[in-house]
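Colleague: I'm new to this one and would like a close look at a single part, the place where the two chains meet. Here is what I have open.

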Amino acid sequence: MKILVCISHVPDTTTKIKFTADNKLDTAGVQFIIGPYDDYALARAVEIAGETSGTVTVLNVGGADTEPTIRKALAIGADDAIRVDAEPVDAMFVAKQIVEVAKQENYDMILMGRESSDYNGGLVHGLVAEMLGMPSIAPCMKLDLNGNTATLSREIEGGKEELEVQLPFVAGCQEPIAEWKIPNMRGIMSARKKPLKVVPAVDTENVTSYDAFSLPPAKGDCKMVEPDNMTELVRLLKEEAKVI
Amino acid sequence: MSVLVFVEADNGAIKKSSFEAVTCGAKLGDVTAVAMGDINAGELEALGKYGAKKVLHAADSRLNDGVIAATALLVAEAAKKEGAQTVLMARSSLVDAVAARVAVKLNVPVASNVVELPDTSAGFKVKRGVFTGKAFAEVSIPGDSRVITLAKNAVAPEEVGGTAAVEAFEVNFSDADFGVKRTSVHKQEGDILLPEADLVVSAGRGLKGPENWGMIEELAKTLGAATACSKPVSDMDWRPHHEHVGQTGIKVSPNLYIAVGISGAIQHLAGVSSSRVIVAINKDPEAPFFKAADYGVVGDAFDVVPKLIEALKASN
């Protein structure tokens with residue numbers, strides 16, 4: 001079983017987001033992590049590779065600064081890694097880079113998070129699947145294998161559905177597909193020696209352009225209501241906020 | 001501008017978020033809607049009230065299963081038939097992947113999670129939610145055509161009183177388009193679906209156990225709200241995963257979000273910060289939720305929630 005796991009390199013979830021004067025993310029003091037949804041995909045891929053004597057290749061589209069994040073994925077259990085040497089422009093750009101790598105090998109599964117926690121597009125898995133002519137499943141919250149057939153569950157509004165699909169396929173994953181794995185010392189040491197190949201990006205067209213970033217308006221003070229006066233809270237919600 | 005809007009239905013009824021998408025489309029140009037599977041005829045005609053001039057309906061029952069690849073082919077074929085410059089969809093568990101595949105089929109750019117009406121005064125620009133609700137991005141989309149998905153509440157649904165002609169629409173699907181087989185579906189019936197809800201009552205570990213959710217459900221029922229929960233509550237199986245709101249769960253943007261016994265960790269706030277009004281009820285006055293909330297009550301949930309239910313019932 002050859003599994004390709006695509007990971008994003010994103011600010012830690014507790015990061016306070018700021019932008020620089022030239023309209024870029026202010027990375028000063030920001031710790032970067034594997035995208036939280038991608039982490040679930042990676043954890044399940046490592047489990048499946050263990051069950052099937054398979055391999056996990058982790059792929060990231062990014063500059064050299066993403067290599068600590070890639071090494072963490074190797075420490076978690078990926079066998080090798082590929083970094084496409086380019087700053088991600090948008091979802092279409094990233095998908096085309098992934099497709100170019102995926103075409104080089106016959107992967108049985110291409111897994112990634114349902115969306116990244118920086119650009120929140122939720123598009124890359126669908127773009128990759130369509131470009132490769134593969135079925136896709138997202139958001140995927142369970143994945144088991146029975147030979148060449150995968151059984152999955154997909155979250156739908158108000159519930160879930162169980163699905164079956166033949167390999168190969170693309171899945172955009174989320175919890176509770178697996179428990180996040182924390183690298184142990186042995187994993188961290190072995191990750192240093194695992195292969196990390198850097199490949200150039202392919203040229204693409206049809207890119208969108210990010211012209212400006214902004215922050216939501218500052219929140220006003222929270223209006224406190226006494227716990228014995230819920231009549232007042234109901235009045236405020238009706239007459240002031242006009243939401244009920 | 002020619003606009004194609006993909007509309008989704010639940011139990012034969014078109015989703016409110018699809019009416020939002022039709023409203024948005026009607027503000028951009030002439031709207032054709034495309035719908036699939038079993039949908040009540042009256043619902044299809046109702047799309048005209050929101051500005052759709054025409055509705056293409058693919059009644060193929062296989063489309064009831066919401067298969068991503070087949071749905072994408074349907075939408076792409078409809079876009080080609082109508083010469084659509086903009087394909088619009090309301091974001092959902094199905095639509096992210098469908099929008100992506102449609103963009104590839106049509107060879108056009110795609111932008112998702114658009115939070116307000118696109119600016120067409122010079123080119124085509126959208127405002128997207130990024131960094132899990134912590135920021136916005138202004139994005140230019142070059143070219144004559146594009147696919148965009150709308151975040152919930154990006155555009156309020158607006159009745160303009162027109163009528164829509166409903167046409168049958170057929171697509172030649174291959175077996176590969178239905179390569180993903182649905183074997184079963186598990187869905188709570190009769191409840192207000194969380195991603196669609198305008199009012200949400202959510203609770204966390206402060207409730208102490210699943211046996212105490214009765215008052216949360218009663219509060220939700222009194223308001224006509226959906227119920228939700230924090231990640232620890234879902235992880236402990238006190239509530240189902242599809243109620244988990246937060247960074248790695250469902251992101252909601254209702255008009256009112258009431259958080260009971262939830263401290264307000266940044267991962268939870270990431271899932272609710274775009275709610276219009278937030279009420280936090282927590283016995284800890286230092287709970288971070290009070291910094292994100294519009295209204296706060298410092299008190300024990302077991303004391304406050306019954307009083308709130310009583311006050312709501314008295315006000316009706």
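In which sense do β9(A) and strand β12 of chain B pair, and over how many bridges? Please carry on from there to the rest of the contact between chain A and chain B.

Modeller: Sure, with some ground rules to begin with. Residues count from 1 along each chain as its sequence is written, while chains are lettered from A and ligands numbered from 1 in the order in which they are written. This is a predicted model, where local features need pLDDT of at least 70, side-chain atom pairs count only at pLDDT 80 or more, and totals for chains, interfaces and linings use all residues, with side-chain values taken on heavy atoms, leaving out hydrogens and water.

Now your strands. β9(A) and β12(B), residues 181-187, pair in the antiparallel sense over six bridges. Within that pairing, A:Glu164 sits opposite B:Lys181. On terms: two strands pair if DSSP finds at least two bridges between them, and helices (H or I, at least four residues) and strands (E, at least two) are DSSP runs numbered from the N terminus.

The chains also share an open sheet. Six strands run in the order β13(A)-β17(B)-β16(B)-β15(B)-β13(B)-β14(B), with parallel pairing. At the edges are β13 (223-224) of chain A and β14 (226-229) of chain B, each pairing on one side only. Helix α6 of chain A, residues 230-240, packs on this sheet and touches β13 of chain A as well as β15, β16 and β17 of chain B. The direction of α6(A) makes about 170° with that of β17(B); axes here are lines fitted to C-alpha atoms, for helices over the stretch in contact, and angles run from 0 to 180 degrees between N-to-C directions. Further along the sheet, β13 of chain B (residues 199-203) pairs with β14(B) in the parallel sense over four bridges, and there B:Ser202 stands opposite B:Ala228.

Next, the interface as a whole. Contact (heavy atoms within 4.5 Å) links 80 residues of chain A with 88 residues of chain B. Together the chains bury about 7000 Å², 56% of it on carbon and sulfur atoms; that is the accessible area (1.4 Å probe) that two parts lose on being put together, summed over both. On the chain A side, A:Glu130, A:Glu157 and A:Lys219 lose the most area to chain B, together 10% of what that side buries.

What about charges and polar pairs? Nine salt bridges cross the interface, a salt bridge being a side-chain nitrogen of Lys or Arg within 4 Å of a carboxyl oxygen of Asp or Glu. The side chains of B:Lys231 and A:Glu175 meet in a salt bridge, at 2.8 Å from N to O. A:Glu175 has another feature too: the peptide bond from A:Glu175 to A:Pro176 is cis, with omega near 0°. A:Pro176 lies in the loop between β10 and α5 of chain A. In general, most peptide bonds are trans.

Between the chains, 43 residue pairs (both at pLDDT 80 or more) are in polar contact. That term means N or O atoms within 3.5 Å; within protein, one must be able to donate a hydrogen and the other to accept it, and residues adjacent in sequence count only if both atoms are side-chain atoms.

Back to α6(A): with eight residues, this helix gives the most to the side of chain A that touches chain B. The residues of that side divide into 41 nonpolar, 18 polar and 21 charged, where Ala, Val, Leu, Ile, Met, Phe, Trp, Tyr, Cys and Pro count as nonpolar, Asp, Glu, Lys and Arg as charged, and the others, Gly among them, as polar.
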